[in-house]
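Visitor: I should like to learn how to read the packing features of a model. May we begin with the rings and then turn to the core and the helices?

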Amino acid sequence: MGKYFSRSIGVQPSEVAEANEDMRRAGITDGEYITQDRMINGVRVPAGTFVTESRKARAREFERRGYMDKDAGYGDYAGK
């Protein structure tokens, strides 16, 4: 997993399990907050970052939390 991510959203590594559980309860099942640092698309992504293969899931998580997405591309939800 892990094609889309954003530096605008994340949790502390100690809060990953709780954040993933909360997201699942909200119905977002195709994304996760990662537990370890990873290389994704040639970029080092720190633990606690939200990662998904679906732009739609990323948009839903940003909208659910009320965050602005600084890394949004054309057609992506960027916040209000």
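Guide: Let us begin with aromatic pairs. This is a predicted model, in which local features need pLDDT of at least 70 and side-chain atom pairs count only at pLDDT 80 or more, while totals for chains, interfaces and linings use all residues. Residues are numbered from 1 along each chain as its sequence is written, and side-chain values use heavy atoms, with hydrogens and water left out. Rings of Phe, Tyr and Trp (its six-membered ring) pair if their centres lie within 6.5 Å; planes under 30 degrees apart are stacked, over 60 edge-to-face, and the rest tilted. The count by this rule is one aromatic pair. Tyr33 and Phe50 form a tilted pair, with 5.3 Å centre to centre and 55 degrees between the planes.

Visitor: Which parts does the pair of Tyr33 and Phe50 tie together?

Guide: Helices (H or I, at least four residues) and strands (E, at least two) are DSSP runs, numbered from the N terminus. Tyr33 lies in strand S2 (residues 31-33) and Phe50 in strand S5 (residues 49-52), so the pair links parts that are 17 residues apart in sequence.

Visitor: Is Tyr33 buried or exposed?

Guide: Buried means under 20% relative accessible area, exposed over 50%, and partly exposed in between (1.4 Å probe, protein chains only). Tyr33 counts as buried because its relative accessibility is 0%; Phe50 is likewise buried, at 0%.

Visitor: Which residues make up the largest nonpolar core?

Guide: In soluble globular proteins, nonpolar side chains tend to be buried together. A nonpolar core is a set of buried Ala, Val, Leu, Ile, Met, Phe, Trp, Tyr and Cys residues joined through side-chain atoms within 4.5 Å. Here the largest one has ten residues: Ile9, Val11, Val16, Ala19, Met23, Ile28, Tyr33, Phe50, Ala57 and Phe62. Helix H1 (16-25) and helix H2 (55-65) each contribute at least two of them, and H1 gives the largest share, three residues. A second, separate core of five residues includes Phe5, Ile34, Ile40 and Val45.

Visitor: Against what do the buried residues of H2 pack?

Guide: Ala57, Arg58, Ala59, Glu61 and Phe62 are buried in H2. The buried residues of H2 pack against strand S1 (4-10), H1, S2 and S5, contact meaning heavy atoms within 4.5 Å.

Visitor: What is the sign of phi in Asn41?

Guide: Most residues other than glycine have a negative phi. Asn41 has a positive phi, near 55 degrees, and is placed in the loop between strand S3 (38-40) and strand S4 (43-45). Asn41 is exposed, with a relative accessible area of 59%.
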